[in-house]
Amino acid sequence: MDDLDRIMAVMEQAFAPEFGEAWNRRQVSDALLMPNTRYGLITSEGQPNVRTLDTVAGFFLSRSILDEEELLLFAISPAFRRRGLGHALLGRFIESARSTGMKRLFLEMRDGNPAGILYISHGFRAVGRRPNYYRTPAGITLDAISHALDL
């Protein structure tokens, strides 16, 4: 199993299908080929370095331009939630962005996403709203909330 397989395994478990937020394998693969795109994994034991037999509990995918970085995807498998892994992974993402000279981080999520509590606890603040930005597979539209964190 390579890292793309690991990311997809978490994505399939972590994103509720009724919102249509999960990316497909091609979208993730294409994103990873783009310059300034990076990802991070976390094991079920909270380790960032993944060995062959480790269970991956979560991942992030981001891209940067100049001194800003956008968190494109962030997920922890439901079986590993409420163990501090999301805090550890998000903290690692923020610290690595800071260490590479990023000045501001962004993310966008659907209004009502419970992950918003995690992002706010790490200093992200809502900076904008895009009405009816997302469309679920059932055709329901949802607002997107843009968040930023100044480093």
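**Thr37 and the sheet around it**

Okay, let's start with one residue: Thr37 has 16% relative accessibility, so it counts as buried (that's under 20% relative accessible area, with exposed over 50% and partly exposed in between, 1.4 Å probe, protein chains only). Quick caveat: this is a predicted model, where local features need pLDDT of at least 70, side-chain atom pairs count only at pLDDT 80 or more, and totals for chains, interfaces and linings use all residues. Numbering runs from 1 along each chain as its sequence is written, and side-chain values use heavy atoms, with hydrogens and water left out.

So where does Thr37 sit? In strand β1; strands here are DSSP runs of E, at least two residues, and helices are runs of H or I, at least four, numbered from the N terminus. Its side chain reaches the backbone oxygen of Met34 at 3.4 Å. Beyond its neighbours within four places in sequence, Thr37 is in contact (heavy atoms within 4.5 Å) with Ala31, Leu32, Leu61, Ser62 and Arg63. Arg63 is also the bridge partner of Thr37 in β2.

Zooming out, β1 and β2 (residues 56-65) run antiparallel, joined by seven bridges; DSSP has to find at least two for strands to pair. They belong to an open, mixed sheet of six strands, ordered β1-β2-β3-β4-β6-β5. β1 (37-43) and β5 (125-135) each have a single partner strand, so one side of each has no neighbour in the sheet.

Last bit, helix α3 (residues 85-99): it lies across β1, β2, β3, β4 (104-110) and β6 (141-150), at about 145 degrees to β1. Those angles run from 0 to 180 degrees between N-to-C directions, with axes fitted to C-alpha atoms, for helices over the stretch in contact.

Terms used:
Polar contact = N/O pair within 3.5 Å; in protein donor to acceptor, adjacent residues only side chain to side chain.
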